[in-house]
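Please look through the structure shown here. The paragraphs after it go through a few of its parts in turn.

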Amino acid sequence: MAAAVSLAVALAVAPSTASAAPSDQPGGTTGVLDSRDLDRLQDRAAEVQDDLRAQQDDVAAAREEQAEAERAVEEAQAVLADKQGELSVHQRAVAGYASALYRDGGALSPLTLLLASGDPGDVLSAMGFLDAVDAHAAQVIAVAERHRRAAVEEQERAQAALDQAARRAEEVAARVAELEAAADAVTAELDEALEVVDGQLARLQAEQVDVNERTAANWRAYVDQLVAEGLAATPATALRAPEGGLPAGLVPVAASGGGAQAGAAQRPGQPSSVLVLPGETLTAVSAAMEALGKPYAPGTAGPDSWDCGSLVQSAYGRAGIALPGTQGELFATTAPVAPADVLPGDLVFLGTAEAGLGHVGIALDPRTMLAADGRAGAVVVRTLPGDQVLGIGRPSLPRRAAVEVPGPTGGALRVECGNTVYPPSYDGARSWGGYPNGLIPPSAMCPLGAAGHVLRCDAAAAYRAMSQAYAATFGGPICITDSYRTYSSQVRLYGEKPALAAVPGTSNHGWGLAVDLCGGIERFGTPQYAWMVANAGRFGYLHPTWADPGNGREEPWHWEYAGT
């Protein structure tokens, strides 16, 4: 009987084998994307990236050193000018004194004082005064000259420091130029490899669309058959205890371990029996079919993008069955069935012994499942890898007491919705879809509605909605200057602004999650900027704290998508 059911399911809902079949990992995860050549290129890019990051500190230090030296020279030059001025004042005073004596009949001397005065005491007093005046003038000029010479020496030292700082800056600039040349070289190779990946991905996506459409058509035909036979509204509660009796005309579905399966039935017929699933399951799977082709994005819950857990939760929520929204919680609480007994609508949990639980999807037959797949970057129909099935759960049955969820062992990285989750510190980190920063195939991105600008598809959908709301207030769409940046464009920008631009391969623009805006948004305090502050969060966008006023790097124009 189990074999008959499998045949019925295969005939009813499996994708036709007339053309393309669902891929093991849709999205181009074999071939060039995961090739050793691309990994080698990415490793080279990561090495250049690390060198540039280290060199960026040297650039900043050298520029600060040079700026400090320039300030010291300016200060020394100001002091020298001041001391030069003081010396000039004293020199003018002495010159004036000498001119006065010349004008009054020549230089004073003890003899002229004696001849001009009748009082010997006056002569002696005058002689002492002259000695004091001469001594004071000489002292004042000598002190001023010493100060001037000290200022000259300080100015010379400052200039020497500036010259040294300039040489240091030149050395750093030369090193940066070498690294930029290396980055340019590896970028050219990466772009060539990416072009191959993009072509491969575009072909796979076209094939995947065909699989998705044919699967959805087969499912609709199956549901239509149940509707025509009056079997589409059978409630889950009527199928949970087959040993206790089933609705008239239905018989149990055999379980692989003997006995009958709970949660399903069949109507006998020729050439095959018809599988009868609960009406809730039909509603849930049909709801999931509506999401086919929608973008995958971690942490999102529709309607424009999904992750694997939220898609399952939403689909069954449409059917009135409340489920948790993460792959771990679903595994922990969904009633288990034997893998050999998998039926359409069951939850399939994938993983490995090393990585633990890594994915959840909705079974369509024993060979395929529908899932928001991190590697595909979309909601797709994909083949079930038999060696990775950790368990099967049936949501139409009562939930079980929570069990432990298999996690990573031996230092393995966590897997979420089929995509490895790389920590920020991971060398050569790949993010959503398994792509490196700035090396995301164009076919994996979505347009913003502004010429040439693209983002990750969920971020793009949110941006378009936000721009539409903005236009209702300001009469036109959001002005945008920058969105996704390829690795090569990051290299180019870094070469232009090494002290300001992010090191190539680290920018949020390279993940397709950041935009630079204009039209008034690029200035703090404008009505346009105020609108973004008040409304961007509704669409999943935020202004990062590092770009806020007073945080050292003010960028009112920079906004990032953080999801809903």
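In this predicted model, helix α5 passes helix α6 in a right-handed crossing. Two packed helices are described by the angle between their axes and the distance between the axes. For α5 (residues 279–290) and α6 (residues 308–318), the angle is about 130 degrees and the axes lie 7 Å apart. That angle makes α5 oblique to α6, because angles over 145 degrees would count as roughly antiparallel and those from 65 to 115 as roughly perpendicular.

The contact involves residues from both helices. On the α5 side are Thr281, Thr283, Ala284, Ala287, Ala288 and Glu290, and they meet Ala315, Tyr316 and Arg318 of α6. Of the residues in this contact between α5 and α6, five are nonpolar, two are polar and two are charged.

Further along the chain is helix α10, which spans residues 527–535. Which of its residues are buried? They are Gln528, Tyr529, Trp531, Met532 and Asn535. These residues sit on the same side of α10, because they cover an arc of only 155 degrees around the axis. Pro527, Val533 and Ala534, on the other side of α10, are exposed. The buried residues of α10 pack against helix α8 (457–474) and against the strands β14 (514–518) and β16 (558–561).

Strand β14 also marks one end of a loop: Ser507 is found in the loop between α9 (487–496) and β14. Is Ser507 buried or exposed? Ser507 counts as buried, because its relative accessibility is 6% and the cut-off for buried is under 20%. Ser507 and Arg485 are 22 residues apart along the chain, and their C-alpha atoms are separated by 8.2 Å.

Methods:
Residues numbered from 1 in each chain as written. Predicted model: local features only at pLDDT ≥ 70, side-chain atom pairs only at ≥ 80, totals over all residues. Heavy atoms only, no water. Buried < 20%, exposed > 50% of the residue type's maximum accessible area, 1.4 Å probe, protein only. Helix = DSSP H or I, 4+ residues; strand = E, 2+ residues; numbered from the N terminus. Arc of directions from axis to C-beta. Contact = heavy atoms within 4.5 Å. Axes fitted to C-alpha atoms, helices over the stretch in contact; angles between N-to-C directions. Parallel < 35°, antiparallel > 145°, perpendicular 65-115°, else oblique. Left-handed = near helix turned anticlockwise from the far one by under 90°. Nonpolar A, V, L, I, M, F, W, Y, C, P; charged D, E, K, R; others polar.
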